[in-house]
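Me: I should like to take a close look at a single part of this protein. Please choose one helix and explain how it is placed within the whole.

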Amino acid sequence: MDEEVNATLRPNQPYRIPVNGWTQEMKKLNGTDRFTMCNEYRRPNNAVLVVAGDAEPETVKALAAKTYGKVARAGSATAQPTGRARLVEPLGVL
């Protein structure tokens, strides 16, 4: 239902597209496709770290570098994985 609500409320915004892709797309992927996608796009240079609470910025930076600095950077990640076709939005829906 969340996918349908976001797609309906935000027909022309990228927020309508689920983070991991549409359910029907995910069902078509095999194990190799999923592994490849995760290795290519889930890297520190394509991620956001959110910190909440009482924390010192320098301490957080040091811990983040220690923890995530071990993970290799990916090549230049794109907004849409290569070869992954997105659904075409119908015109005049709203």
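Reply: The following account concerns helix H4 and its setting.

This is a predicted model, in which local features need a pLDDT of at least 70, side-chain atom pairs count only at pLDDT 80 or more, and totals for chains, interfaces and linings use all residues. Residues are numbered from 1 along each chain as its sequence is written, and side-chain values use heavy atoms, with hydrogens and water left out.

The protein has four helices and zero strands, in the order α-α-α-α from the N terminus. Helices (H or I, at least four residues) and strands (E, at least two) are DSSP runs, numbered from the N terminus. Helix H4 covers residues 57-68, which is 12 residues. From its first C-alpha to its last, H4 reaches 16 Å, close to the 16 Å expected at 1.5 Å a residue; the expected span is 1.5 Å times one less than the number of residues.

Confidence is expressed as pLDDT, the predictor's confidence in each residue, from 0 to 100. Among the elements of the protein, H4 has the highest mean pLDDT, 92, and H1 the lowest, 78. The protein averages 76, and 78% of its residues score at least 70. Where pLDDT is low, the predicted coordinates should not be read in detail.

How many of the 12 residues of H4 are buried? The count is one, and H4 is hardly covered. Here buried means under 20% relative accessible area, exposed over 50%, and partly exposed in between (1.4 Å probe, protein chains only). Of the 94 residues of the protein, 15% count as buried.

H4 also holds a pair of charged side chains. Lys61 and Glu58 meet in a salt bridge at 3.9 Å, N to O, the term denoting a side-chain nitrogen of Lys or Arg within 4 Å of a carboxyl oxygen of Asp or Glu. The structure holds one salt bridge. Both residues lie in H4, three residues apart, about one turn of the helix. An α-helix has 3.6 residues a turn, so residues three or four places apart point the same way. Lys61 counts as exposed at 54% relative accessibility, and Glu58 is exposed as well, with a relative accessible area of 58%.

Finally, the contacts of the whole chain deserve mention. Residues 24 or more positions apart account for 63% of the contacts in the protein with a separation of 6 or more, where contact means heavy atoms within 4.5 Å.
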